[in-house]
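Thank you all for coming. Please have the sequence and the structure open while I talk, as I will move from one element to the next.

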Amino acid sequence: MKDFIKLSNVKKTYKVGEIEFNALDGVSFEIPKGEFVVILGPSGAGKSTLLNILGGMDDVTSGNVVIDGENIENYDKNELASYRAENVGFIFQFYNILPTLTVRENVDIVKDIVKKPKGTMEILKGVGLSKHADKFPNQLSGGEQQRVSIARAIAKNPKILLCDEPTGALDSKTGVEVLKLLKKQCDANNGENTVIIVTHNAQIAEIADRVIRLKNGKIESNTINKHPKEIDEVVW
Amino acid sequence: MLFRKMIRDIKSNVSQFITIFLMVLIGVMAYSGIESYMDGMKTTADTFYSENNLQDLNVMGANFTKEDLDKIKEIDHVKDAERKLSITALTDKDKTLLLNFIESNNISSFYIVDGEEFSYDLDGVWLDEFYAKENNIKVGDEILVKYEDMELHEKVRALINVPDHLYDVRDESELYPDRKEFGFAYVSSNEIPESFIKNKAIKEAGVSEDIFDMMMPNFNYKDHLIYNYVMVDVDKKSNKNLVKDKIEDEVESAKAVIDIKNSNSYVQYQGEIDEGKTYVGVFSGLFLFIALLSVITTMTRVVKKQRLQIGTLKALGFKDSRVLLHYMGYGFYISLFGAIFGLILGYFIIGKMFIGLEMSFFEIPNGKPYFGIQNYLVAGIVVLIATLISYFTCRKILKEKPAEALRNEMPSAKNTSFITTRGIFKNLSFSSKWNIRDMLRNKMRTIMGIAGVVGCCMLIVCSFGMLDTMNRFIKLQFSDLFNFDYKLVLKENISDDKLNELYDKYGNNTSLSLGIEIEKDGEKEANNIFVDDSNNYVRFIDKDDNFIKIDTDEGVYITHKLAELKDYKIGDKVRWHIYGDSKYYESKIIGFNKDPQNQNVTMTRNYLESLGIKYTPDSIYTNKDLSKVKDISGVESIQDINALADGMENMLSMMKTMLVLIISVAILLGVVIIYNLGILSYTEKNYQFATLKVLGFKDRQIERIFIKQNNWIAIISILLGCPLGYYLTDWLFKTAIEEHYDFGAYITIRTYIIGAVGTILVSYLVSRFLAHKIRNIDMVSSLKANE
Ligand SMILES: Nc1ncnc2c1ncn2[C@@H]1O[C@H](COP(=O)(O)OP(=O)(O)O)[C@@H](O)[C@H]1O
Ligand SMILES: [Mg+2]
């Protein structure tokens, strides 16, 4: 179980005109099951690219990506879709919820792709949205919208939760609430769920089990936090 | 700088702008082309009629003397009058020529296509240009014409068009002029041979030639020339009726005075214009409408896509008016170019092409489309609408605070929340809910989509429906009503012996048509009576197409449509007199019948005779096989009903080419509308689909969601389009065609199926094509676009 996620020498090259540019330049690391991981790095470091590759949304130029023993870089489009449906929950900075569906329906749609989703109301209660179940996204605040997107992600009961700057658009108080929810998801399921958060906010690193620092497409450091702080201990 | 931005924007939205450009172009082209064609039809004829002085009245009689002519000329308001002798002659090649002998040519004067002007002193013939062309006759050739004992060898002096002969058929049962077999010709009456006139005079006197010579030692045939027509030119159109009455009263030889507006040539041409105006008005209107639809939707979208940029411009400090002007430029320039090209192509391609087609059918010189002011008006309106749409769309965005505009558009909740969150909607599948909301949220787009697809379905149904109706008409007319194979049209003065001989051979199933004038509330109108003694060889139907018998001898039957037009009820009396006889009769209406072609009066032979009028049949009906018989003595012409039906079907095949054109335009517009709206909703949905993809939805699942909506729209459109197609067809037939027709739409199930399947197919194929693009959605960049 040591190497639940294993990347070896992953490269992602973009070609802009004649110039080739490595957004990821030989990235290797391993993450065991159940960790709460924070990926830190300045803007343009390749964090989103890395997360997209982990989530099966983007392909690699070279290198191997093994998730739970499967080499996903060899998957075709449909296999990737199934992989995303069954294993991955995504959370973005700008929520990406469907504007024409109500809160409840936004969570409900995972029923179309997952065999055994969690109960919608139960989840909405968990994220504190049960009162807003029949509202439309534009009737909610930013923090509430992000909670919808978390509810939708965890409704699938994913083994991996990938979050790209989840608190980036939120004030610090709301951000803390969101982080608590993410941590809760990590601890659920007997601590088997893995959560990976991309951020440029170094404070979040204090609560992580593992911190990976990225710069110019390369791993700068990969450290294990022996004593992660509780969220409330951190001064935000 | 902003101008450069506009050029860049146009470049990066090139397909949308091309769509707008093309739609404006097609819409304006179809409209102005068709309008300039129809207006051209009218002005071409008006010019020809006035420049070549078409007569206002035709006076018909057995013979008009010089005194008669002078008398007519002296009537108030008469500008000029000319006599002519008009006879139907044969050529040595067995063709028929309507041969006219004239003294001068100031009324209905010739348009010389090739050759020399008419002169009384010149021999030779001025010949129908179309006939000459069909028969390969040139100026200088000699033709031989025969009539009774007269034989004329005449050199062709010129090929001509005459305003009185735009459209000539040998007899009115022919639906289509046959220029190879039938034409007109003019010869100076100086050319009438003395023997012809003298023989006629001798016959009339009933004596031998010797005795005649003794009786009339100074017989000058020129004083005895026969003229059966006087063409009258009236000073003002409004005085026509005055002159008509005067001639009827004062000139004894005048059997009938007929307004030129009732002459076959005039009626046919006018009919073509009237008919065209409605058909064409409907179709050009539809094209314009559908084109506008897609211009509006596309323009709205293009501007909406600029939301972020509008916000940015505002944030930079541009004044609202400046931004508005900039975006109005989009709509204005593109649609202006489209409209200008549309006007040009409309005139030169559509207008010229259709006029060209008509001018090969109607014999009229210098046919050209006429470019009326309304074309500029419509083009202007189209440009205005495109500009206004960009104006309003932009203004809506400008009204928001810059910060809001900089954010992506979020749907307002109030549009979507009502009903769709409760009741049965709760249990619908996610994709249905999503589609319903999406449609409700974009009501305008949905309505336009439906309107466009309804138009497409309607046009298909209407095109095939017109064919159905025509086929139905052929069956009704030529096998239900005409229950015979041949109609023998008898010579006018056939002897009783001859008649009995024909009865013996072909049966005595006969009829008589009487030209009458009906007077109602002081107004007189030409009509005719069909006197039936055909023993069911001619059948009749009621308004539901069930057979009825016309066998009551107490009065007359009239057609439904005539009753409707003239407000007659059963029991009313019809007041009428036969042309050439001023005695009026009053007949009780005892029943209605329906006739698809002819709105007239029908009576039995017994009833006619009970009025004291002699029944002298003019037609015999028979089922004997006459396919090899060319000529029967005493018979003017033999009409083969199957040949007539075939002629009709020929005309249908002409119609078919036109319908193919309409159908392809319908399909083209359907494709453009669905594609256009699809592309719009596609870019709009791109981001949502990317989100679904991230969640793990498979491409197929997302495609299905996408196609579902277009399928709904297609189904709704079919449900609306089929009945609307029926009403359009019915309306076209009922109100658009000439008054003397009476048939409504008759559309078969097959046509509805074709319309439905065609619409579904168009919608499905386009959606599939669009759905394919979903496979190419790049999740990463689509979602990034939102950041
Ligand atoms: N589609 C693309 N084409 C070219 N370059 C790209 C593309 N996507 C990302 N990049 C580049 O790759 C680098 C890493 O991007 P990203 O992973 O989004 O950075 P971040 O760490 O800020 O999330 C950036 O320099 C970006 O410009
Ligand atoms: Mg990023």
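Before I come to the sheets, let me say that two strands are taken to pair if DSSP finds at least two bridges between them. What you have on the screen is a predicted model, and with that meaning of pairing in mind, strand β1 (residues 5-16) of chain A and strand β4 (residues 62-67) of chain A pair in the antiparallel sense over 5 bridges. If you want a single position to look at, take Lys11(A), whose bridge partner in β4(A) is Ser62(A).

These two strands belong to an open sheet of 4 strands in chain A, with antiparallel pairing and the order β2-β1-β4-β5. At its edges are β2 (19-31) and β5 (70-71) of chain A, each of which pairs on one side only. Helix α1 of chain A, residues 47-54, lies across β1, β2 and β4 of chain A, and runs at about 120 degrees to β1(A).

Let me turn to the other sheet of chain A that I want to show. This is an open sheet of 6 strands, ordered β6-β7-β8-β3-β9-β10, and its pairing is mixed. Which strands stand at the edges here? They are β6 (88-91) and β10 (218-224) of chain A, and because each has a single partner strand, one side of each is left without a neighbour in the sheet. On average, and with direction ignored, neighbouring strands of this sheet are turned by 15 degrees against each other.

Within this sheet, strand β7 (residues 160-164) of chain A pairs with strand β8 (residues 194-199) of chain A in the parallel sense, over 5 bridges, and Cys163(A) stands opposite Ile197(A) in β8(A). Helix α2 of chain A, residues 77-87, packs on the sheet and touches β6 and β7 of chain A, its direction making about 80 degrees with that of β6(A).

Moving to chain B, I would like to begin with a helix pair. Helix α14 (residues 430-441) of chain B and helix α15 (residues 443-481) of chain B pack with their axes 5 Å apart, at an angle of about 95 degrees, and α14(B) and α15(B) are therefore roughly perpendicular to each other. From α14(B) the contact draws on Asp438(B), Met439(B), Leu440(B) and Arg441(B), and from α15(B) on Lys443(B), Arg445(B) and Thr446(B). By class, the residues of this contact divide into 2 nonpolar, 1 polar and 4 charged.

Two loop residues of chain B also deserve a look for their backbone angles. Asn53(B), in the loop between α2 (14-51) and β1 (57-60) of chain B, has a phi near 50 degrees, a positive value in a residue other than glycine. His77(B), which is not a glycine either, has a positive phi of about 75 degrees, and its place is in the loop between α3 (66-74) and β2 (78-91) of chain B.

How do the chains meet, and how many residues of each are in contact? The model has 30 residues of chain B in contact with 30 residues of chain A, and the two chains bury about 2,900 Å² between them, 63% of it on carbon and sulfur atoms. Val694(B), Leu695(B) and Val780(B) supply 19% of the area that chain B buries against chain A, more than any other three residues.

I will finish with confidence. The model scores ipTM 0.77 and pTM 0.67, while chain B averages a pLDDT of 85, with 93% of the residues scoring at least 70. Over residues 409-417 of chain B, however, pLDDT stays under 50, and the model has 19 contacts beyond four places in sequence for them. Where pLDDT is low, the predicted coordinates should not be read in detail.

Technical notes
Residues are numbered from 1 along each chain as its sequence is written. Chains are lettered from A and ligands numbered from 1 in the order in which they are written. This is a predicted model: local features need pLDDT of at least 70, side-chain atom pairs count only at pLDDT 80 or more; totals for chains, interfaces and linings use all residues. Side-chain values use heavy atoms; hydrogens and water are left out. Axes are lines fitted to C-alpha atoms, for helices over the stretch in contact, and angles run from 0 to 180 degrees between N-to-C directions. Angles under 35 degrees count as roughly parallel, over 145 as roughly antiparallel, 65 to 115 as roughly perpendicular and the rest as oblique. Contact means heavy atoms within 4.5 Å. Ala, Val, Leu, Ile, Met, Phe, Trp, Tyr, Cys and Pro count as nonpolar, Asp, Glu, Lys and Arg as charged, and the others, Gly among them, as polar. pLDDT is the predictor's confidence in each residue, from 0 to 100. Buried area is the accessible area (1.4 Å probe) that two parts lose on being put together, summed over both.
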